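Student: Could you take me through one part of this protein up close? I'd like to look at a pocket and then see what lies around it.

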Amino acid sequence: MTQVLRSRTELRAALATLPRPVGLVPTMGWLHDGHRSLIRRARSENPTVVATIFVNPRQFSQARDFMKYPRNEARDLAICADEGVDIVWAPPTEEVYVAGFDTLVSVGAISGPLEGAARPGHFDGVATVVAILLSLVGADRAYFGLKDYQQVQVIRQMALDLALPTEVVPCQTVREPDGLAMSSRNGRLSPAGRAAATVLRRALLAAAASVRSGERDADTVRELMRHVLATEPLADPDYVSVADPETLRELGGISDGALLSMAVRVEGVRLIDNERVG
Ligand code: AMP
């Protein structure tokens, strides 16, 4: 039976009765098969699974983006029950950021490039909320999707530096049949925008193929990704990147494991995706 809890007190009391290890899946709701795959992995590895549903205001730089983020709690709770989640913690903001809250968790260099550069303050908001959630749940393992590759790296660095007792478990990106990475934002696209959004995957696969056939110059590969994106009039690229998978610094020459990534606006909806080479 899935318990749906709102307060910190209820969460602590419920966890005290459940067996360890505890697997945590933090989400912002509007759940899809990507979230389901994280929950299933957690379910297969832990006797107790906690999912959180919290649209974190601190990781949005624009209030409008936060307000427009899709929400459907009844549907999310049905999905969690279907996947056998033990506890869904869906708190109001003041149960996460208690009165007088005045701490910021800011992870260093790894937060700087890519999404960090495009969305100033974003990763401070993410690291802060994830630190709170890991601590409240006392999670033994926490599951994160590699669609948000940099987010995984930021959280790993935070867990290492703060000696958090939680194992950070990265999970593969789940895609629609046409290759589009599943995202809560996809639902905001019109049918034409939805069709155009496949261009991210096409650009990444073209780039990966060129590397497989011997291309080693990162600028050439960035240019190839831009070229594919330019074939789609509805796609407005924010950045394309060929980066070191550990530091996320831009590369000159491509080595095995390099991270190809991009952020692209389609009809004003900001989509991200990535692919490792080799
Ligand atoms: P969100 O609700 O978008 O904050 O995502 C919650 C978690 O689900 C994050 O760890 C995401 O990386 C992960 N996630 C989102 N989309 C996908 C996907 N398509 N495949 C796998 N994991 C995903």
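Tutor: Let's start with the word itself: a pocket here is an open set of grid points where a 1.4 Å probe fits, with protein on both sides within 12 Å along at least five of seven lines. Keep in mind that this is a predicted model. The second largest pocket has a volume of about 250 Å³. Its lining is made up of 15 residues, and Leu 146, Tyr 149, Gln 172, Asn 274 and Arg 276 are the ones nearest the centre. By type, the lining splits into 7 charged, 4 polar and 4 nonpolar residues. Helix H8 (149-161) and strand S9 (269-276) each give at least two residues to that lining.

Now for the sheet. It's an open one with 6 strands, in the order S1-S4-S3-S2-S5-S6, and they pair in parallel. Strand S1 (3-5) and strand S6 (167-171) are the edges, each pairing on one side only. On average, neighbouring strands are turned by 25 degrees against each other, ignoring direction. Zoom in on S6 and strand S5 (141-145): this parallel pair is joined over 5 bridges. As an example, Ala 142 has Val 168 in S6 as its bridge partner.

Helices lie across the strands, too. Helix H7 (122-137) lies across strand S2 (22-27), S3, S4 and S5, and runs at about 150 degrees to S2. Helix H4 (73-82) lies across S1, strand S3 (48-53) and strand S4 (87-89), at about 170 degrees to S3.

Key:
Residues are numbered from 1 along each chain as its sequence is written. This is a predicted model: local features need pLDDT of at least 70, side-chain atom pairs count only at pLDDT 80 or more; totals for chains, interfaces and linings use all residues. Side-chain values use heavy atoms; hydrogens and water are left out. On a 1 Å grid over the protein atoms alone, a cavity is a set of points where a 1.4 Å probe fits but cannot get out, and a pocket is an open set with protein on both sides within 12 Å along at least five of seven lines; lining residues have an atom within 4 Å of a point. Grid points are joined across faces, edges and corners, and a volume is the space filled by probe spheres set on the points. Helices (H or I, at least four residues) and strands (E, at least two) are DSSP runs, numbered from the N terminus. Ala, Val, Leu, Ile, Met, Phe, Trp, Tyr, Cys and Pro count as nonpolar, Asp, Glu, Lys and Arg as charged, and the others, Gly among them, as polar. Two strands pair if DSSP finds at least two bridges between them. Axes are lines fitted to C-alpha atoms, for helices over the stretch in contact, and angles run from 0 to 180 degrees between N-to-C directions. Contact means heavy atoms within 4.5 Å.
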